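Subject: Structure for you to look at

Hi there,

Here is the structure I promised to pass on, together with my notes on what I found in it. Please open it alongside this email and read along.

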Amino acid sequence: MRIDVLTLFPRMFDGPFAESIVKRAQDAGLVAVHVHDVRDWAADRHRTVDDTPYGGGPGMVMRPEPLTRAIRAVRAGDGHVVLLSAQGRPFDEPTARRLADLAHLVLVAGHYEGVDERVIEGDVDEEISIGDYVLTGGELPAMVVVDAVTRLVPGVIEKASLVQESHTGGLLEGPQYTRPVDYEGRRVPPVLLSGDHKAIAEWRRAGSINRTAERRPDLLPSADLTPEERARLPRPAARRPRVSDEELVRAYRSGVGSYRIAARFGVSPATVRARLRDAGVRMRPAKGAPRGPTAAEVHRMRKTGMTIRDLAKHFGVSHVTIIDRLRRSKA
Ligand SMILES: C[S@@+](CC[C@H](N)C(=O)[O-])C[C@H]1O[C@@H](n2cnc3c(N)ncnc32)[C@H](O)[C@@H]1O
């Protein structure tokens with residue numbers, strides 16, 4: 001796999017990429033990481049890459065020309081271009097796995113107030129955020145993505161280490177212990193010393209499910225659980241506040257479509273329409289033109305290995321819309 005990183009601060013990558021697993025993966029020829037200075041594509045003597053924002057406001061914005069020149073030079077036809085952005089889709093393990101399947105990834109680190117929107121429209125395939133906070137630049141997020149992706153590239157780390165980890169199968173890993181058996185009066189659970197591999201596997205699985213239920217119940221709806229395990233899950237502590245019929249009617253009468261209302265209020269589009277009809281609302285005729293992403297947009301993202309579910313989440317539409325667009329793209 002090849003990863004190109006475009007940044008204004010290439011030296012920031014010296015340390016992290018010269019140590020541990022990312023270095024070993026490069027030394028073994030499994031991953032090639034190339035860090036480029038965007039200023040190398042600036043056209044003027046001062047190597048200018050930023051300018052003041054149109055419309056006023058604080059800070060500087062990265063100009064489109066050097067950045068698009070840089071992206072087009074390194075993507076070389078097959079590169080999937082990801083902009084690190086506080087406004088991007090949250091980075092998670094399934095995304096890391098999807099990116100690790102690509103042959104060529106281009107990571108663009110923004111800086112200052114961000115990048116000119118036309119770069120995103122014309123040359124970026126997707127935007128990824130590493131969390132709901134704002135960093136000074138996309139360099140640390142790019143390092144996070146390189147690290148998470150590199151360890152998933154086949155051969156980089158032992159396959160067995162990846163199987164029981166947190167976020168594999170949508171669960172957190174359970175508690176782990178090493179020597180000594182007794183540490184300050186806390187003993188290792190006896191099952192781990194029993195040598196009974198089946199019992200140990202069951203204990204670990206239960207620990208993983210319980211820990212996820214305690215710490216990250218939000219992961220459970222999409223976790224890989226058997227029906228027996230799902231049926232035994234503890235009851236969720238708090239439920240999402242329910243949306244009233246009156247709220248749905250007000251939202252619909254303000255001109256917003258039922259699909260969008262469904263996504264915003266966390267109910268299915270069919271439920272929204274049924275409840276609106278029951279509340280006596282006259283439904284507007286569906287607009288002729290298909291809404292949501294185009295067939296070409298869906299097709300392009302599908303090629304990166306996203307599942308239909310990923311695509312629906314990514315574009316904020318139902319899986320039916322995604323299937324429809326994929327059919328159209330084949331027509
Ligand atoms: C100061 S931030 C710009 C924030 C931007 N004005 C906004 O409000 O969304 C500068 C750059 O840092 C990167 N960045 C900041 N926070 C990030 C996050 N949570 N995830 C990924 N990249 C981030 C992006 O590349 C961004 O262009």
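A quick word on names before P180 and the rest come up: helices (H or I, at least four residues) and strands (E, at least two) are DSSP runs, numbered from the N terminus. Please also keep in mind that this is a predicted model.

**Overall picture**

The protein has 15 helices and nine strands. Its C-alpha trace spans about 70 × 65 × 45 Å along the principal axes. Of the 331 residues, 25% are buried. If you take the contacts between residues at least 6 apart in sequence, 72% of them join residues at least 24 apart.

**The sheet**

Five strands form an open sheet in the order β2-β1-β6-β5-β7, with parallel pairing. Its edges are β2 (32-37) and β7 (126-129), each of which pairs on one side only. From one strand to the next, the twist averages 30°. Helix α6 (residues 139-150) packs on this sheet, where it touches β1 (2-7), β2, β5, β6 (104-109) and β7. The direction of α6 makes about 160° with that of β6.

Now for the individual pairings. β1 and β2 are joined in the parallel sense over six bridges, and H34 in β2 is the bridge partner of D4. β1 also pairs with β6, again in the parallel sense, over five bridges; there L6 has V108 of β6 as its bridge partner. On the other side of the sheet order, β5 and β7 pair in parallel over five bridges, with E126 of β7 as the bridge partner of V82.

How enclosed is β1? Five of its six residues are buried, so β1 is largely enclosed by the rest of the structure.

**The nonpolar cores**

In soluble globular proteins, nonpolar side chains tend to be buried together. Here the largest nonpolar core has 42 residues, and V82, L107 and V108 have the most contacts inside it. A second, separate core has eight residues, including M301, L311, A312 and I322.

V108 is worth clicking on. Leaving out residues up to four places away in sequence, V108 touches L6, I71, V81, V82, L83, L84, V124 and G138. L6 is therefore both a contact of V108 and its bridge partner across β1 and β6.

**Around the ligand**

The shell around the ligand has 20 residues, of which L84, A86, G110, G138 and P141 come nearest. Which element gives the largest share of that shell? Strand β5 (residues 80-90) does, with four residues. By class, the shell has nine nonpolar, ten polar and one charged residues. Two names return from the V108 neighbourhood: L84 and G138 are among the contacts of V108 and also among the residues that come nearest to the ligand.

**Residues to check by eye**

A few backbone details may interest you. R179 and P180 are joined by a cis peptide bond, with omega at about 0°, and P180 sits in the loop between α7 (159-163) and β8 (182-183).

Two residues that are not glycines have a positive phi. One is R47, at about 55°, in the loop between β2 and β3 (50-51); R47 is partly exposed because 14 other C-beta atoms lie within 10 Å. Another is A76, at about 45°, in the loop between α3 (64-75) and β5. A76 has 11 C-beta neighbours inside 10 Å, so it counts as exposed.

D37 belongs to strand β2, and with 16 C-beta neighbours inside 10 Å it counts as partly exposed. D37 touches T7, L8 and P10, not counting residues up to four places away in sequence. The C-alpha atoms of D37 and P90 are separated by 26 Å, with the two positions 53 residues apart along the chain.

Last, R291 lies in the loop between α12 (269-278) and α13 (295-302). Is R291 buried or exposed? R291 is exposed, because 11 other C-beta atoms lie within 10 Å and the limit for exposed is 12 or fewer. V317 is 26 residues away from R291 along the chain, and their C-alpha atoms are separated by 9.1 Å.

Happy to go through any of this with you.

Best wishes

Conventions:
Residues are numbered from 1 along each chain as its sequence is written. This is a predicted model: local features need pLDDT of at least 70, side-chain atom pairs count only at pLDDT 80 or more; totals for chains, interfaces and linings use all residues. A residue is near a molecule or strand if its C-beta atom, placed from the backbone, lies within 6 Å of it. Ala, Val, Leu, Ile, Met, Phe, Trp, Tyr, Cys and Pro count as nonpolar, Asp, Glu, Lys and Arg as charged, and the others, Gly among them, as polar. A residue is buried if 20 or more other C-beta atoms lie within 10 Å of its own, exposed if 12 or fewer, and partly exposed in between; C-beta atoms are placed from the backbone. A nonpolar core is a set of buried Ala, Val, Leu, Ile, Met, Phe, Trp, Tyr and Cys residues joined through C-beta atoms within 7 Å. Two residues are in contact if their C-beta atoms, placed from the backbone, lie within 7 Å. Two strands pair if DSSP finds at least two bridges between them. Axes are lines fitted to C-alpha atoms, for helices over the stretch in contact, and angles run from 0 to 180 degrees between N-to-C directions.
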